[in-house]
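Subject: Structure for you to look over

Dear colleague,

I am handing over the structure we spoke about, together with an account of what turned up when I went through it. Please open it alongside this message, so that you can follow each point as you read.

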Amino acid sequence: MARPRSLLDLEHLSPEEITSILKLAGEMQSSEPRPLLQGKRIALLFYEASTRTRVSFEFAAKLLGTHTSVISANASSIEKGESLVDTGKTLQALGADCIVLRHPSSGAPNVLARNLRVPIINAGDGMHEHPSQGLLDAYTMLRYKKQLKGLKVAMIGDIQHSRVARSNIHLLSKFGAQVVLCGPPEFLPEVALTLAPNLTISRRLEEAVRDADVVMMLRMQKERLVGLDIDVPRYMAHWQLTTELLALAKSDALVMHPGPMVRGMEIQTEVADSPQAVIEEQVHNGVYVRMAILAICTGVAA
């Protein structure tokens, strides 16, 4: 049995570690589920609302033979002012073998990991990272593309406030993809180029999607836009992916979106429902990727 370990980000994972997770996810998808987590207790500690991530972690755990306990901020002692670390220690004392944490503060999973003995899985922390989303996005790309190296991946929208964007940037850069970031200055400052090597910024959507292998749209993170006055009609006019713009990408280009998707804002409904869109498949693949993450982090798989 492997040693349990946390998954806090993708920035510090090696390509070999990422590849092992993706390989195990493929094995999970191609075979009947086995009760690898039988006898384990998985706690889902969510300080923010979630549908895709929380439910897919729940389904992943059940397919591996165990159940989860969901703890939300408005239905626990958190509401009474209990600290994150004390809540984590309570779950550990109750027998949790692994804690999946979503938190509005960047670095919260790292704080928990430093203070607890059980592995912590980052399910999204502030504007920092969302590693399981980055992994399932890569897994989805590889279902259609032979390799990530050399792919032109256009990421469009609110890069500045997106933890999904950061995880994807770190992962794709490690594997030699050509990542083009596109958005207005308030959502994409030049400092974004320091996130990883070989990034480029485009201020024109036409330029970003031209000859792209993957077009990944990101929603406007309204819950994090403190003090920003956004001209919504202008944003839609300049940064929405339409069928006309998608035609500039490669004929077999994938359209992706981590969700929640706002139709008519960052993406036209016709594009979201087009044959090139793999948005629902991303959600579906998230179960297998999170099965692999749970198995590795709890030490039942290498």
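Serine 31 lies in the loop that runs between helix H1 (15-30) and strand S1 (42-46), and in this model, which is a predicted one, a polar atom of the serine 31 side chain is 2.7 Å from the backbone oxygen of glutamate 27. With a relative accessible area of 39%, serine 31 is partly exposed.

As for the protein as a whole, there are 11 helices and nine strands. The radius of gyration is 19 Å, close to the 19 Å that the globule rule gives for 302 residues, so the protein is as compact as a globular protein of that length. The C-alpha trace spans about 55 × 45 × 35 Å along its principal axes, and 55% of the 302 residues count as buried. The protein exposes about 13300 Å², of which carbon and sulfur atoms supply 51%. Among contacts between residues at least 6 apart in sequence, 75% join residues that are at least 24 apart.

Helix H5 (residues 131-144) is one element whose length I checked: at 1.5 Å a residue, its 14 residues should span 20 Å, and the end C-alpha atoms are 21 Å apart, which agrees. This helix is mostly covered, since 11 of its 14 residues are buried; among them are Pro131, Gly134, Leu135, Leu136, Tyr139 and Met141, and the buried set also includes polar names such as Ser132, Gln133 and Thr140, as well as Asp137.

Next, the aromatic rings. A pair of aromatic rings is described by the distance of the centres and the angle of the planes. A search of the whole structure finds one aromatic pair, formed by phenylalanine 187 and tyrosine 235, which is edge-to-face, with 5.7 Å from centre to centre and 75° between the planes. Phenylalanine 187 lies in the loop between strand S6 (178-182) and strand S7 (199-202), whereas tyrosine 235 lies in helix H8 (residues 232-239), so the pair ties together parts that are 48 residues apart in sequence. Phenylalanine 187 is buried, with a relative accessible area of 0%, and tyrosine 235 also counts as buried, at 3% relative accessibility.

The loop between S6 and S7 also holds asparagine 198, which brings me to the backbone. Most residues other than glycine have a negative phi, and most peptide bonds are trans. Asparagine 198, although it is not a glycine, has a positive phi of about 65°, and at 66% relative accessibility it counts as exposed. Aspartate 211, found in the loop between helix H7 (205-209) and strand S8 (214-217), likewise has a positive phi, near 65°; with a relative accessible area of 47%, aspartate 211 is partly exposed. There is also a cis peptide bond, with omega about -10°, joining glycine 259 and proline 260, and proline 260 lies in the loop between strand S9 (254-256) and helix H10 (269-272).

That loop between S9 and H10 is also where histidine 257 is found. What does the side chain of histidine 257 meet in a polar contact of 2.7 Å? The partner is the side chain of glutamate 266. Histidine 257 is buried, with a relative accessible area of 3%, and, leaving aside its neighbours within four places in sequence, it is in contact with Met217, Leu218, Arg219, Glu266, Ile279 and Gln282.

Finally, threonine 200 lies in strand S7 and counts as partly exposed, at 37% relative accessibility. Once its neighbours within four places in sequence are left aside, threonine 200 is in contact with Val179, Val180, Leu181 and Leu193. The C-alpha atom of threonine 200 is separated by 32 Å from that of alanine 292, a residue 92 places away along the chain.

Please keep in mind, as you go through these points, that everything here rests on a predicted model.

With best wishes

Key
Residues are numbered from 1 along each chain as its sequence is written. This is a predicted model: local features need pLDDT of at least 70, side-chain atom pairs count only at pLDDT 80 or more; totals for chains, interfaces and linings use all residues. Side-chain values use heavy atoms; hydrogens and water are left out. Rings of Phe, Tyr and Trp (its six-membered ring) pair if their centres lie within 6.5 Å; planes under 30 degrees apart count as stacked, over 60 as edge-to-face and the rest as tilted. Helices (H or I, at least four residues) and strands (E, at least two) are DSSP runs, numbered from the N terminus. Buried means under 20% relative accessible area, exposed over 50%, partly exposed in between (1.4 Å probe, protein chains only). The expected span of a helix is 1.5 Å times one less than its number of residues. The radius of gyration is taken over C-alpha atoms; the globule rule is 2.2 Å times the number of residues to the power 0.38. Contact means heavy atoms within 4.5 Å. Accessible areas come from the Shrake-Rupley method with a 1.4 Å probe; for residues, only the protein chains shown count as cover. A polar contact is a pair of N or O atoms within 3.5 Å; within protein, one must be able to donate a hydrogen and the other to accept it, and residues adjacent in sequence count only if both atoms are side-chain atoms.
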